[in-house]
Structures are given as C-alpha cells and as structure tokens.
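User: I would like to go through this structure with you and ask, label by label, what justifies the words used to describe it. Please set each value against its criterion before you conclude.

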Amino acid sequence: MLRPSRRLLALAVGAFAVSAVALALGGPWRDGALAVWMALGVLVAVDLALSLRGRVAVEVEAPAEIFTGEGGDVTLSASRFPRGLAARVDWPDGLSGPVDLAFQDGGVARTRIEARRRGQYRIGQLWLNWPSRFELLEFTPRAKLDLTVAAVPNIRPVQSGEIDTKVRSTLFGVKENFARGEGSEFHQLRDWVQGMDTRAIDWKQSARHLTLVAKEMRAERNHHVILTLDNGYLMREQVGGLPKIDHAVNAALATAWAAGLGGDLVGLFTYDARPRLFVPPEPGRAAFARLRSRMAELEYESVESNHTLAMAALSTRTPRRSLIVVFSDFVDATTAELLVENVATLARRHVVVFVAIRDPSVEARARAAPGDLDGVAEAVVAGGMVRERQVVMERLARLGIMVIDTEPGAVTPRLIAMYLDLKAREVI
C-alpha cells in the first residue's frame, strides 16, 4: 500500500550524512543528529496526513470479444483522481498491451490491447500508483477488476461482405440467383433459339412438343467440403504475430462461409496425436455458427501429429467424394514423408487441397546478404529449408493434390479463389 519515493530516499541519505558528521564532531552537534531524523519523520507524517483521501475505485470498459490478430480499445475510469495517478496491468499471455498506463485529466486512461491467441482471458486486478502531496511517499493499492475478454477466430472477411461479393459475382453473376451454363445438374427446359449449342437440344422432348427444346443445366450443388485442421505442436509456431493454427482457423471459417454461399455442405475434422473432432457436413450458412464455436474451443496442443491415424479415420467417415482441405505443415522432408503418403492415399477418392503457411522470415534470411560467418550459416540453413519445402510441395502437386503454400495474409483469398475455381470446373 505504501512505499518510500526516490525523493524520500534522497532525503534519508542526506539526513544520514548530516547525522554522521554531527556525531563525528561530537559535543553540542551530537543532539543535532537526532533533530534531523525527527524533522524528517514529522515531514513524512504531515505528508501522509495531507495525502490520505480514501479508496480509489477503478471501472473498466472493454469489448467482450476481440478477433485474433486484431485489437480493441480499453478505457479505465477512476472514481477519485489523485495527482499523478498511474496503473500497471499484467496482461495474460494471449493478450498484449502496454503494462504502464497513465490517467489523463478527468481520471481516464485509454489504451489498446491485441489478441495473440484464442481463449477466454480474465483480468481480476491491477496495481495503482500515485505520489503523496510532497512526493515523499507512493501509494500502491491493488484495485479489483471484473474484466473478461474472449479472443475469438477472425471473421472480418465474412462481416465485411468481401466474401459474399466475390462468391456471388463469380458463381451467380449480378442478377441471377443460380449458376447456369455448362453444369451437370438439370435445371429446366426452354425453347431452343438460334445461337444456342445444338448439343443442348433434347430430341425426345422436341419430338413430343413438335418444336426444338433445349436442356438448361446448372452447376451441381450440395457438395461435401471437409475442413481438416492439424492441431499438433508444429501448428503452434508463431508466424505474423499469430500461431499457424489460428491463421488456419481464420481461413477455414472464411471458406466455410463461401461454401455455404455456394450451396455446399461443410464439415470439420481436427486431429493431433489422434483424431479429435468430427462435425458431419451440414449446410454451410446454417452450420457456420456451430463451426465457429467448435474452432474457438480448440486447445493449443504440444504433441506430434499422427497423420496416418488421422487420414485413415477421415477416410472412413467420408464415404462420399468430397473436397477435403487439409491445413498442416512440416519442418523438413523427413517429417513430411508420412504426411505426403497419407494425403496421397486420401486423394485417390477425394479432391484434396493442402494448405501450408509459409514463414516469411525464413525466406528473408535465405535471401539476405550475410555480413559475417554467422550470417552465412543462417543463410545456408534457411536456403536448405526453403528448397526442401519446395521439393515436398512439388511432390504433392505431382500426386494430383492442389497446393497452397503462401504467407499468412494471403491464405484466405488464395483458398477461396481455389474453391471457386474447383466449383466452376465441377472437379468435385
């Protein structure tokens, strides 16, 4: 609650020096040594009496939810505003923000925090600090708070309407609400007119109606899209300020929304050392809230992923041909061997998209001009890692697997563009 300030410590050092000199001189000067300390004690007592004003309560305003990778504004309001009031907050590991906060005029302190990991974070206390009237003492009480902040997957592209615009303009056009053209699903019959493809003529119906009638087709809907998340320890690596698993979760949710707009059914499969969660495919838009809740609950695991067990379990649970999006990663060609073999087995019956999140710092070190021997060693190791990664990606591509290996900020647009391309070509 109370502690001496630097000013009081300096005065105490001065008083000690004066009393030491007085004791050394002896005689009448010896009584002066005690007087110095008595005067300092009286000064401290007067300062304390003038500074006691009662308890300081603090109220806090903060958003209930913050998207991972983004921030939110926090406002602290003090019920009483002593001169020089400041606060210190110990933010949880998943949140980052300034530790020391200064209250401005009116007893208000504003700051901004960022969410670095998913989870529920509670801040139950903070430490206040303000000087006494003569700045000889510092008051350091602990104020109780009741602040809970949830760091949730980032669905900003969904809220902004960016995905809606892209999907609708690509699949449906501006005015039409269904995809017509060279599809495989019958839509309706219409009169054949000059300029239409003669292969679209339905000769049996034309004979029945005594006029040329053409079939109008549209792209098939209700495909199964399975979002597969590797939640092993490799996906905990920090890239672009977030763990790789959080980048994967954000991209997976954006894809789920796009698939819902495209009329497909979306499911979820997560695994680490063993299969963890399987959500059967459901209509994307109806299941989006459920998928978001399940992904937000994913724990950060510290175990090695078992790709063999996971892909075997996924294969048995998805008998229908589906689009399977696998979010995973590896560190070298040796650890990637099992991943490649099992994903290739899955690709024999399904359409597989493999999504890996590249670390820009590794490529930057590989390209940077070294300035010393340590820099040369770093460049050689980084260059080897980049080449091994390219070899694995090329091998996956030769096996017929679509590969997305890009930096964190480009994962979502690349994945949605690939989904739209596969759907337009009716590869599923």
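Analyst: A good place to begin is the packing of α6 against helix α12 (residues 411–424), whose axes are 9 Å apart and make an angle of about 30 degrees. The model is a predicted one, and the values discussed here are computed from it.

User: What makes α6 and α12 roughly parallel?

Analyst: The angle between them is about 30 degrees, and angles under 35 degrees count as roughly parallel, so α6 is roughly parallel to α12. Their crossing is right-handed. On the α6 side the meeting residues are Asn 250, Ala 251, Ala 254, Thr 255, Ala 258 and Ala 259, and on the α12 side they are Val 411, Thr 412, Leu 415, Ile 416 and Tyr 419.

User: Why is His 247 in α6 called buried or exposed?

Analyst: His 247 belongs to helix α6, which covers residues 244–261. Its relative accessibility is 12%, and since buried means under 20%, His 247 counts as buried. Apart from neighbours within four places in sequence, His 247 is in contact with Val 239, Gly 240, Leu 242, Ile 357 and Pro 408.

User: How do you know whether α1 and α2 are roughly parallel or roughly antiparallel?

Analyst: Helix α1 (residues 6–25) packs with helix α2 (residues 29–51) at an angle of about 165 degrees, with the axes 6 Å apart. Angles over 145 degrees count as roughly antiparallel, and α1 and α2 are therefore roughly antiparallel to each other. The crossing in which α1 passes α2 is left-handed. The contact includes Leu 8, Leu 11, Ala 15 and Phe 16 of α1, and among its residues from α2 are Trp 29, Ala 33, Trp 37 and Leu 40.

User: What is the relation between α9 and α11, and why?

Analyst: The axes of helix α9 (residues 333–347) and helix α11 (residues 373–398) come within 10 Å and cross at roughly 15 degrees. Because angles under 35 degrees count as roughly parallel, α9 and α11 are described as roughly parallel to each other. The crossing of α9 past α11 is right-handed. Here Ala 333, Ala 336, Glu 337 and Val 340 of α9 meet Glu 388, Val 392, Arg 395 and Leu 396 of α11.

User: Turning to the aromatic rings, why is the pair of Trp 130 and Phe 139 stacked?

Analyst: The structure holds four aromatic pairs. In the one formed by Trp 130 and Phe 139, the ring centres are 5.4 Å apart and the planes stand at 15 degrees. Rings pair if their centres lie within 6.5 Å, and planes under 30 degrees apart count as stacked, so this pair is stacked. Trp 130 and Phe 139 are both buried.

User: What makes the pair of Phe 269 and Phe 278 edge-to-face?

Analyst: The ring centres of Phe 269 and Phe 278 are 6.4 Å apart, and their planes are at 65 degrees. The distance is within the 6.5 Å limit for a pair, and planes over 60 degrees apart count as edge-to-face, so the pair is edge-to-face. Together with Tyr 271, Phe 269 and Phe 278 form one aromatic cluster.

User: How do you know which of the two, Phe 269 or Phe 278, is buried?

Analyst: Phe 269 has a relative accessibility of 0% and counts as buried, because buried means under 20%. Phe 278, with a relative accessible area of 22%, is partly exposed, because partly exposed is the class between that cut-off and 50%.

User: What shows that the charged end of Arg 117 sits over the ring of Tyr 300?

Analyst: The charged end of Arg 117 lies 4.2 Å from the centre of the Tyr 300 ring, and the criterion asks for a distance within 6 Å as well as a position within 35 degrees of the ring normal. Arg 389 lies over the face of Phe 330, at 5.2 Å from the ring centre.

User: Why is Glu 135 called partly exposed?

Analyst: Glu 135 has a relative accessible area of 31%, and the partly exposed class runs between 20% and 50%, so Glu 135 is partly exposed. Glu 135 is found in the loop between β9 and β10 (137–139), and its phi is near 60 degrees, a positive value in a residue other than glycine.

Note on methods:
Residues numbered from 1 in each chain as written. Predicted model: local features only at pLDDT ≥ 70, side-chain atom pairs only at ≥ 80, totals over all residues. Heavy atoms only, no water. Phe/Tyr/Trp six-rings, centres within 6.5 Å; stacked < 30°, edge-to-face > 60°. Buried < 20%, exposed > 50% of the residue type's maximum accessible area, 1.4 Å probe, protein only. Axes fitted to C-alpha atoms, helices over the stretch in contact; angles between N-to-C directions. Helix = DSSP H or I, 4+ residues; strand = E, 2+ residues; numbered from the N terminus. Parallel < 35°, antiparallel > 145°, perpendicular 65-115°, else oblique. Left-handed = near helix turned anticlockwise from the far one by under 90°. Contact = heavy atoms within 4.5 Å.
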